[in-house]
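Colleague: I am new to this structure and would like a close look at a single part, the enclosed spaces inside the protein. Please take me through them and through what sits around them.

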Amino acid sequence: MNTEVAGWMRAAERIVILTGAGVSAESGVPTFRGSSGLWRQFRAEDLATPDAFARQPALVWEWYLWRRGLIAAAQPNAGHRAIARLEQRRRGVTLLSQNVDGLHRRAGSDPIELHGNLWHVRCANACGVRAHDLELAPPREQLRCACGAWLRPGVVWFGEPLDPETLDRATDAAAAADLLLVVGTSAVVYPVAALPDMARRRGVRVVEINIDATPLTRHVDAHLRGSAASILPELERQV
Ligand code: OAD
């Protein structure tokens, strides 16, 4: 099956790769769902919604700073690196990621980050200030914007819309692809979860790479069962 998918990749002019937390799992970054997922340990309603931040900004920041610490200690894995090599070697490869960990960038990729980036901050009052690369454990006063409001993590929370321009770019790329690889995502969080279906309806071939079955599995052209860090380099070598 890998050989057939590699053939599809060789023949494709435009390849879109959509990744989720599973691609960073082998870097030691916890996923959200599944037996050791973050949402087993924490409640999304308490930590990843605008209401939670309005109620308890310090608690939400504590959780994000803890995640920053985990991610800072992690390294991109063979899956991230294979994607970056593919982007460098071939034209027409677009990477879309739901991940906020920045590991694709550290591997040398230039992803469209659909859910933002946890290393970015912005003003919680939307005064327009955006500061990048806030220190890992900033003193409390650095969590304040110049306008006096709290700064917040530059990520998309539940109940918030995705940046419309970013979503449009991703949708256009997926619709125009010859091949869409969906890697390490449970494919349940919308609107991103709608992209593979939309692409399929437009005749795009869809391949899923995941250690488990997902709601998408029975709709794809091929499901490669296994870890992103083993399957992606294997495919990349054959392309
Ligand atoms: P999930 O945690 O929901 O799903 C991770 C997927 O990766 C699962 O389908 C696993 O089977 C698979 N997986 C785990 N390890 C893998 C490996 N080594 N190789 C391949 N696959 C593996 O993460 P996402 O689908 O990314 O959003 O979650 C989507 C969104 O929900 C996130 O961006 C986040 C979350 O709540 C927000 O915070 C808004």
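Modeller: A cavity here is a set of grid points where a 1.4 Å probe fits but cannot get out, and a residue belongs to the lining if one of its atoms lies within 4 Å of such a point. The model is predicted. By that definition the structure holds two cavities of 30 Å³ or more.

Take the largest cavity to begin with. About 40 Å³ of space lies in it. Its lining is made up of Met 9, Ile 17, Ala 82, Ile 83, Leu 86, Leu 181, Leu 232, Leu 235 and Glu 236. Sorted by class, these residues are eight nonpolar, no polar and one charged. Glu counts as charged, so the charged residue in this lining is Glu 236. Two helices, α7 (78-89) and α11 (228-238), each give at least two residues to the lining of the largest cavity.

Glu 236 deserves a longer look. With a relative accessible area of 7%, Glu 236 is buried, because the limit for that word is under 20%. Side chains of opposite charge can pair when their charged atoms come close. Glu 236 has two such partners, and Arg 85 is one of them: the side chains of Arg 85 and Glu 236 meet in a salt bridge, at 3.0 Å from N to O. Arg 85 lies in helix α7 and Glu 236 in helix α11, so this pair ties together parts that are 151 residues apart in sequence. Arg 85 itself is partly exposed, with a relative accessible area of 34%.

The other partner is Arg 89. Its salt bridge with Glu 236 has the closest N and O atoms 2.6 Å apart. Arg 89 also lies in helix α7, so its pairing with Glu 236 in helix α11 ties together parts that are 147 residues apart in sequence. Arg 89 is partly exposed as well, at a relative accessible area of 46%.

Now the second largest cavity. About 30 Å³ of space lies in it. The residues that line the second largest cavity are Ser 97, Asn 99, Asp 101, Gly 102, Leu 103, His 104, Pro 111 and Glu 113. By class, this lining has two nonpolar, four polar and two charged residues. Asp and Glu count as charged, so the two charged residues are Asp 101 and Glu 113.

Glu 113 can be followed in the way Glu 236 was. At 15% relative accessibility, Glu 113 counts as buried. Glu 113 forms a salt bridge with Arg 105, and the closest N and O atoms of that pair are 3.3 Å apart. Arg 105 is partly exposed, with a relative accessible area of 37%. As for the bridges beside the largest cavity, shared partners join Arg 85, Arg 89 and Glu 236 into one network.

To set this in context, a search of the whole structure finds seven salt bridges; among them are Arg 85 with Glu 236, Arg 89 with Glu 236 and Arg 105 with Glu 113. In short, a charged residue in the lining of the largest cavity, Glu 236, is buried, and one in the lining of the second largest cavity, Glu 113, is buried too.

Technical notes:
Residues numbered from 1 in each chain as written. Predicted model: local features only at pLDDT ≥ 70, side-chain atom pairs only at ≥ 80, totals over all residues. Heavy atoms only, no water. 1 Å grid on protein atoms, 1.4 Å probe; cavity = no way out; pocket = protein on both sides within 12 Å on 5 of 7 lines; lining within 4 Å. Points joined across faces, edges and corners; volume = space filled by probe spheres on them. Helix = DSSP H or I, 4+ residues; strand = E, 2+ residues; numbered from the N terminus. Salt bridge = Lys/Arg side-chain N within 4 Å of Asp/Glu carboxyl O. Buried < 20%, exposed > 50% of the residue type's maximum accessible area, 1.4 Å probe, protein only.
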